[in-house]
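Dear colleague,

I am passing on the structure that we discussed, and you will find it together with its sequence just below. After it I have set out what turned up when I went through the cysteines, one helix pair and a single alanine.

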Amino acid sequence: MLQTTWIALVLGFWSSLYLLDAFLKTQKWSGRQYIERLDKTGLSVSVCQLRWYTAMFNRTFVKLGQWRPHFLRIWFNCGVVFGLLAMIMSIFLLTLLVFNTFRQQPVDQQVLTPVMPGINLPISQMSYYLLTLLVCGILHEVGHAIAAVREQVRVNGFGLFIFILYPGAYVDLSTEHLQAVSPLRQLRIYCAGVWHNFVIVVLALCVLLILPLLLAPFYGTGESVVITQVTENSAVSGPRGLAVGEAITSLSDCRVTSLDDWSTCISVSMKEPTMGHCMALNLIKDLDASPKNWTRTEKSIDCCNRSSSTHLCFNYHTKTAPHDKYACLPARAITERPMCKLQSDCYIPKGDVCVYPALDNETKLLQVYHGRKPPLLFLGHPLDLHYSVVLSNYVPKSFAIPLNLPYVVETFSKYLISLSGALIILNVVPCYALDGQWICHGFIEIALRSTISDRETRGLIYTVMILYGTCLLFINVVIAMWALFS
């Protein structure tokens, strides 16, 4: 229902904007002024698309394109090598995916996965995704613009657009100038976009690798994890529950120093039975609050009859009575006693026994040590605890330091890697309307001009490759959509 509402809102917005634009253009009293205003600002409206075009960055592109000419020549030559290698790799990977799909071979991971907000992209991640898409698109087009200036091709302007929900960028180059330069110079321009996307991937990877060092003066790591978010109305929320900013150090007897430790502790608590606690028999009898007629069924035992929120049913056995005994005991007092896994773990001369929570196989009694005394007692499935909190490895050394900054930097870097990598794979495919179309054309002209002098023959080879690349990309998109909705 929520997805349908979002779709209706988006379509309603674009329909209203398009109709308003058409209405204002056709009115005698406002049409001319409205069109002049659009021309002045560079804005234009079409079906599900809003564009902004400007020439204000042209001087900046000229300055960047004329900076250190020798370095830029080497830089964009590296881009040509990378672009050609990426095109071969992309064709190979996409062909292999199609081949394995038709052979019904299992595919571990999709090369291309369409991102659909609300379906495979959480709404909470939308801002990261859209911002990253815009940044990657801008830097991609800036690469084309700088390379064009370097190769004496005029840049007419630069623009941004929003298509439905997805932002993007484009650069307007002089077609006459492009056709006049050599194929190698064309390749430097066409490959510059994907080359800059690859640089973004490398830089984002470096940020992820050195992030602990960068944040070391402000955040502590390796001793605990910090809570950055608590799910509302969950079992651990509320005044007596967990709070944002608290550090978790242990989960029962499992030490937590990182997110990996937290996941391991959750997994271990699911597999292993709940730990018991050593307690003297006479103390058990004194604290036992079991009613005379308590409930016992084949599936569950409740010797407290849920009469108290502070008591829990425990079971134990002694040498004189090897069968299980049950007692309704205060959970807080019991969990403060020494832990035990077996009866032999308790000190027998004192008459201590190991008491265990009388729970079903999935319910666990866990102690969450969160820097305050006493620890939080959690009763339920461990996965409920896992999904009730969001944790971070980076514990702020001061209250003034932002709690979510490491998460923001880490998430943004991961999106840069993912989306820039996807733009590389998409753009280098020899497909109509993509960079790969012109990269393929330039490569054929350089590689085959000396051996195949006939231009029509080279054009035929180019057409066949473009048709193959277009069909290949289309089939992969269909496979990815099928995998997403099936």
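**Disulfides and other contacts**

The torsion about the S-S bond of Cys 340 and Cys 354 is about 95°, so this disulfide is right-handed. Please keep in mind while reading that the model is a predicted one. The sulfur atoms of Cys 340 and Cys 354 lie 1.9 Å apart, and the bond links distant parts of the chain, with Cys 340 in strand S15 and Cys 354 in strand S16, 14 residues apart. As for their surroundings, Cys 340 has a relative accessibility of 1% and therefore counts as buried, and Cys 354, at 0%, counts as buried too.

This bond is one of 5 disulfides in the structure. If the bonded cysteines are counted along the chain, the pairing follows the pattern 1-2, 3-9, 4-6, 5-7, 8-10.

A further bond is the one between Cys 278 and Cys 346, whose sulfur atoms are 2.1 Å apart. Cys 278 sits in strand S10 (residues 276-280), whereas Cys 346 belongs to the loop between strand S15 (339-340) and strand S16 (352-357), so the pair ties together parts of the chain that are 68 residues apart in sequence. The link of Cys 278 and Cys 346 is left-handed, with -90° about the S-S bond, and both of these cysteines are buried.

The disulfide of Cys 254 and Cys 265 has an S to S distance of 1.9 Å and is left-handed, with -75° about the S-S bond. Here the bond runs from strand S9 (residues 254-255), which holds Cys 254, to helix H8 (residues 259-271), which holds Cys 265, and the two cysteines are 11 residues apart. Is each of these two cysteines buried or partly exposed? Cys 254, at 21% relative accessibility, counts as partly exposed, while Cys 265 is buried, with a relative accessible area of 2%.

You may also want to know why Cys 206 is not bonded to Cys 136. The cysteine sulfur closest to that of Cys 206 is the one in Cys 136, and because the distance is 16 Å, it is too far for a bond. Cys 206 is partly exposed, with a relative accessible area of 38%.

Turning to the helices, I looked at how H3 (residues 58-65) and H5 (residues 126-150) meet: their axes come within 8 Å and cross at roughly 65°, and the crossing is right-handed. On the H3 side the contact is made by Phe 61, Val 62, Leu 64 and Gly 65, and on the H5 side by Val 142, Ala 145, Ile 146, Val 149 and Arg 150. Sorted by class, the residues of this contact are 7 nonpolar, 1 polar and 1 charged.

Lastly, there is Ala 331, which is found in helix H10 (residues 331-335) and is buried, with a relative accessible area of 10%. Leaving aside residues up to four places away in sequence, Ala 331 touches Thr 310, His 311, Leu 312, Phe 314 and Leu 377. For Thr 310, which is 21 residues from Ala 331 along the chain, the separation of the C-alpha atoms from those of Ala 331 is 6.1 Å.

With best regards

Key: Residues are numbered from 1 along each chain as its sequence is written. This is a predicted model: local features need pLDDT of at least 70, side-chain atom pairs count only at pLDDT 80 or more; totals for chains, interfaces and linings use all residues. Side-chain values use heavy atoms; hydrogens and water are left out. A disulfide is a pair of cysteine sulfur atoms within 2.5 Å. Helices (H or I, at least four residues) and strands (E, at least two) are DSSP runs, numbered from the N terminus. Buried means under 20% relative accessible area, exposed over 50%, partly exposed in between (1.4 Å probe, protein chains only). Contact means heavy atoms within 4.5 Å. Axes are lines fitted to C-alpha atoms, for helices over the stretch in contact, and angles run from 0 to 180 degrees between N-to-C directions. A crossing is left-handed if the near helix is turned anticlockwise from the far one by less than a right angle, and right-handed if clockwise. Ala, Val, Leu, Ile, Met, Phe, Trp, Tyr, Cys and Pro count as nonpolar, Asp, Glu, Lys and Arg as charged, and the others, Gly among them, as polar.
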